[in-house]
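Biologist: I should like to take a close look at a single part of this model. Please guide me through it step by step, in terms suited to a first-year student.

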Amino acid sequence: MSAAEALKAKIDVCDDLYGVAKGQPESALDRGSLAPADIPQDIAIELAKLDPGEVSTNLTRSNGETLVFLMLCGRTAALNEETDRETVAAGLRQQQLTGLSDSLLEQLRADARIEYK
């Protein structure tokens, strides 16, 4: 853990990791972009806690023998390539209609007069 803390102190941006990992196997430094569904759950949970540029040393592998050093380099909005302009427009229209109908229903309830005989 002390080595991880020393490493953490040397790194300010994601590109600093390349200098630190020099001489390590390719698998030691994975700087890839993945869809949230493709990230292992424990790593996704830990990354969700970080702001870009922050580091985590809270995860281990191999029964605690391997420390996972995570640094969030950035986030991008997940793109759904199957969604087209018409689908988005229809969804927005539906939201607007739902809002209008909720408003009308609220007004009708406010104006309702119920008599019991």
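Which residues does E46 touch, not counting residues up to four places away in sequence?

Modeller: Please keep in mind that this is a predicted model. Leaving aside residues up to four places away in sequence, E46 touches S56, N58, L59 and L70. E46 itself belongs to helix α3, which covers residues 41-48. With a relative accessibility of 6%, E46 counts as buried, because buried means under 20%.

Two of these neighbours also make polar contacts with E46. The side chain of E46 makes one such contact with the side chain of S56, at 2.7 Å, and another with the side chain of N58, at 2.8 Å.

The strands of the model may be considered next. Strand β1 comprises residues 55-61 and strand β2 residues 66-71. The two strands run antiparallel and are joined by 5 bridges. At one position of this pairing, V55 stands opposite M71 in β2. Together β1 and β2 form a hairpin, with 4 residues between them. In the turn, S62 has a positive phi of about 50 degrees.

Finally, a word on confidence. The mean pLDDT of the chain is 78, and 86% of its residues reach 70 or more. Confidence is highest in helix α4 (residues 85-111), at a mean of 86, and lowest in helix α2 (residues 16-20), where the mean is 76.

To return to the residue you asked about, E46 is a buried residue of helix α3, with side-chain polar contacts to S56 and N58.

Notes:
Residues are numbered from 1 along each chain as its sequence is written. This is a predicted model: local features need pLDDT of at least 70, side-chain atom pairs count only at pLDDT 80 or more; totals for chains, interfaces and linings use all residues. Side-chain values use heavy atoms; hydrogens and water are left out. Buried means under 20% relative accessible area, exposed over 50%, partly exposed in between (1.4 Å probe, protein chains only). A polar contact is a pair of N or O atoms within 3.5 Å; within protein, one must be able to donate a hydrogen and the other to accept it, and residues adjacent in sequence count only if both atoms are side-chain atoms. Contact means heavy atoms within 4.5 Å. pLDDT is the predictor's confidence in each residue, from 0 to 100. Two strands pair if DSSP finds at least two bridges between them.
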